[in-house]
Amino acid sequence: MGNAIEDLGIDAAPLPGAMPAFHARIAVDELRDVCGKVRPQKARLVALWGSDETTRGAGYALHLALGLPCGLLWLTVALPRAQPHYPGIADLFPAAGRMQRAAYDLVGIEPQGNADRRKWLRHGSWPDGVFPLRKDFDGASRYPLAGDHYGFVRVEGDGVHEIPVGPVHAGTIEPGHFRFSIVGEKILRLEERLGYTHKGIEKRFESMTLDEGAKLAGRVSGDSTVAYAWAYSMAVEAATRTEPPQRALVLRGILLELERIANHLGDLGYLGNDVALSFGFYQFWRLKEDLLRAHAELFGHRYMMDAIVPGGMARDLSQEGCKRLLERLELIRDEAATLKSIYDEHAGAQDRFIMTGQVLPALAEELGLNGFAGRASGIRHDLRVDYPVPPWQWIEPRIASHTRGDVAARIAVRFDELAESIRLVRAFVRQLPPGDIRAPVAACDGGRTGIGWVEGWRGEVMVALDTADGNRIHRLHPHDPSWQNWPLVERAVHGNIVPDFPLINKSFNLSYSGQDL
Amino acid sequence: MYQLLKQILATGIVTEAAPHVDESLRQIERRFGELILNRFGRALAIRHVDAGSCNGCELEIHALGNPYYNLEGLGIRFVASPRHADMLLVTGPVSRNMEQALRSTYEATPEPKLVLAIGDCGCTGGIFGESYASFGRVANIIPVDVAVPGCPPPPVAILQGILTAIGGKDQGLR
């Protein structure tokens, strides 16, 4: 399995931790060569970020996380202090484009070649040439808000006009700007502009201890709080060589699947609503509310925030609680099956779902679509299946997939995952081992690294941690799957009509906060 | 269609009683007289603005629309434009990248208008606080009538905040 890495001609060391991961330092002139070699092997770009190493007597660094069949390969590329430049890789991994722009806005490391160099997260909140994630930048600094000019790509021709939408939208969703270029009702081009909810999360982490960071990690994207809390805890446990107890791992598995069930229920309801089948909204949201109330009763929080902590779990589940949870899930499973048949047989709804917002497998592969949306476009990746570490190896999750890549396919995958997640929770509950739920987390000095990598309901959530002395954080990058998937929404709407945009958008339901940081 | 109607009948009505008002949530002196507030109470239009939240509060605002809370049954509904709104429901610490959009939305909302800050971040800045990227609490940017703490506040708390803002009129509400 490790051969794939040896073939790259780099010296990679395995990283301790729950997930298979490797770390290697490469020179900046090896970067494109290595990327060029792994790309044909269907390696995925999981994340790209920058860091300031000047307090450690070095310059800056570019970091890449690549998903390989043998695990995650974390590449660190040292960049000089004077001119922290590197050759861009967005031609090899298109998903890198926005990440490179964000890494420049925050750390000041600059991609060369024909890279897109427009700002991404900065807007007008701080001036160009000032980089918030540099160590000499005071997080409390204020700059007067400046004008915010942004060069959207213009589509020209007879009858083409633009519809600017957002950042404040018509519905209750997060803020972002969508620039549609249309002819009549048909969308010729959509350009997204995100970054509106940038609130300095990564800088905040650097003022926190490893213990304090858990709460913040659970608020990178509220709808994925369990996935982030687990990924964060996994990274801390790797860096501190902590083994969480088996009972805690199974409980984490239960929470993650419950989060998946809750989000799929909510979105399946909204997808009905978006095609004027408000019946679907009321029914699915009634089921979701029932589940959220069960969460509150069993875990003290409707979204199970702060239940997963480094070392294990902050909340246990009693036998009585297990019983009530399974009863609740049984009701949800049966009702969801009824609702599925109603959706399936509703001609009006199916007419809107089928062949709308299509992303074909080839494009999905090229741009790196991930999570359930990827699985609906033939990308058969699921961390729970690809790397069956505990607790997954004890229950063997089954992957859901589809190849048509339209709204209907994403709905089909969500229905399949909903049923499978209920099965997984039942299996977990049946084999919940007795014992402790939390192990003490050892003290940790600087320079330790850890990876957290979790298949959240939306896709792969990754946390890369590099510690500082005194149990503190030198650099932490939380990575949301929305980074990869947002550019596919731009492509999915091609040739569709404007009124189908909300439907297509909801079928992906991507996070703004998770990618704006 | 038979299955759909059967499901509706089998579900029945699940709507629960609305919460009572809580004057302790009020941030500033009540600004409008009974006449105006009574009119709001019968048909309140709300515009939601996410000014930088983690999307946790949005989950609970969505849940307000589910049949247990049945917001529309109280005469309260979310509208697509601030120009149609009586109240702004603002979540998040106000990110600096959203400051202008929040101010513009507030200005576009016709008087008389009410503002609710939702969640710990909207009330105090929360875990994100004030920084190079965040202005912190909503009241740092626009005047706030009622603040509802919680991370996120459950739907019933948000509903309580809304009912408190429109003047503590329990009558006429279910």
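**Notebook: helix 16, Asp11(A) and the A–B contact**

In helix 16 of chain A, I found Phe501(A), Ile504(A), Asn505(A), Lys506(A), Ser507(A) and Phe508(A) buried (20 or more other C-beta atoms within 10 Å of a residue's own, with C-beta atoms placed from the backbone). Helices (H or I, at least four residues) and strands (E, at least two) are DSSP runs, numbered from the N terminus.

The model is predicted: local features need pLDDT of at least 70 and side-chain atom pairs pLDDT 80 or more, while totals for chains, interfaces and linings use all residues. Residues are numbered from 1 along each chain as its sequence is written, and chains are lettered from A and ligands numbered from 1 in the order in which they are written.

I noted that helix 16 (residues 501-508) is largely enclosed by the rest of the structure, because six of its eight residues are buried. Its buried residues are covered by elements including helix 7 (246-273), helix 12 (371-375), helix 14 (407-430) and helix 15 (482-492) of chain A. Just after helix 16, Asn509(A) has a positive phi of about 40°.

I then looked up Asp11(A), in the loop between helix 1 (3-6) and strand 1 (13-15) of chain A. Asp11(A) counts as exposed (12 or fewer neighbours) because it has 12 C-beta neighbours inside 10 Å. Its C-alpha atom is 7.6 Å from that of Arg25(A), 14 residues apart along the chain.

Last, I recorded the contact (C-beta atoms, placed from the backbone, within 7 Å) of 46 residues from chain A with 43 residues from chain B. Helix 8 of chain A gives the most to chain A's side, with six residues.

Note on methods:
Two residues are in contact if their C-beta atoms, placed from the backbone, lie within 7 Å.
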